[in-house]
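Q: I am new to this structure and would like a close look at one part of it. Could you take me through a single element, together with the space and the residues around it?

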Amino acid sequence: MTASGTPKFTWRGEVIGPVAAIAAVLGTLVLGFYAAMCAAGFAPDLHPGYAVPSHLRRGADLPPPTSYWVIWCAPPLTIALLGGAAMMFAGRIRWIAFVGTLTFLVGYLPIAVFVVSLDIGGFAPT
């Protein structure tokens with residue numbers, strides 16, 4: 001049995017739903033970027049030897065403090081655990097949790113990798 005005519009337009013289904021989904025994805029992306037900027041601000045200062053590029057350090061082994069790695073790893077691990085728990089136990093929001101977790105990591109990880117590589121590898125313009 002098929003319905004005759006065109007489907008009825010609803011604001012909730014055709015406008016509000018897609019706009020809310022786009023806003024949620026972009027907001028989660030911005031949240032990931034903001035979390036990376038906060039982690040960069042909270043991370044402890046490293047030894048002054050890190051100011052020298054890594055290929056010019058002569059036999060100096062400078063391990064970063066554990067708190068440095070904890071601060072950088074806490075946000076993505078927390079979001080991954082919460083998103084994984086939501087995907088496992090809340091079947092109705094499985095895809096929402098997956099997309100939210102993925103977009104947060106897409107916003108967080110590039111900034112984190114860039115800042116950590118500058119901190120650990122050294123930066124010296126020539």
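A: What follows is a walk along helix 3, beginning with the protein as a whole and ending at a pocket.

The model is a predicted one, and the protein in it has three helices and zero strands, so that from the N terminus on its elements run α-α-α, as the definition of helices and strands has it. Buried residues make up 20% of the 126 residues in the protein. Among contacts between residues at least 6 apart in sequence, 73% join residues at least 24 apart.

Helix 3 covers residues 94-121. Its 28 residues, at 1.5 Å a residue, should span 40 Å, and because its end C-alpha atoms are 39 Å apart, the expected and the actual span agree. Along the way there is nonetheless a kink of about 25°, which lies at Tyr108, shortly before the proline Pro110.

Tyr108 is also one of the buried residues of helix 3, and the others in that list are Ala97, Thr101, Thr103, Phe104, Gly107, Ala112, Val115 and Val116. These buried residues of helix 3 pack against helix 1 and helix 2.

Two threonines from that list can be followed individually. Thr101, which is placed in helix 3, has a relative accessible area of 10% and therefore counts as buried, the cut-off being under 20%. Leaving aside residues up to four places away in sequence, Thr101 touches Ile79, Ala80, Gly83 and Met87. Thr103, likewise found in helix 3, has a relative accessibility of 13%, so Thr103 is counted as buried too. With residues up to four places away in sequence again left out, the residues that Thr103 touches are Val25, Thr28 and Leu29.

Thr28, one of the contacts of Thr103, appears again at the largest pocket, where Thr28, Ile96, Ala97, Val99 and Gly100 lie nearest the centre among the 14 lining residues. The elements that give two or more residues to this lining are helix 1 (11-42), helix 2 (66-89) and helix 3 (94-121). Helix 3 provides the largest share, seven residues. The volume of this largest pocket is about 250 Å³, and its lining, sorted by class, consists of nine nonpolar and five polar residues, with no charged residues.

Taken together, helix 3 packs its buried residues against helix 1 and helix 2, and helix 3 also gives the largest share of the lining of the largest pocket.

Methods
Residues numbered from 1 in each chain as written. Predicted model: local features only at pLDDT ≥ 70, side-chain atom pairs only at ≥ 80, totals over all residues. Heavy atoms only, no water. 1 Å grid on protein atoms, 1.4 Å probe; cavity = no way out; pocket = protein on both sides within 12 Å on 5 of 7 lines; lining within 4 Å. Points joined across faces, edges and corners; volume = space filled by probe spheres on them. Helix = DSSP H or I, 4+ residues; strand = E, 2+ residues; numbered from the N terminus. Nonpolar A, V, L, I, M, F, W, Y, C, P; charged D, E, K, R; others polar. Buried < 20%, exposed > 50% of the residue type's maximum accessible area, 1.4 Å probe, protein only. Contact = heavy atoms within 4.5 Å. Expected span 1.5 Å × (residues − 1). Bend = angle between axes of the 7 residues up to and from the residue.
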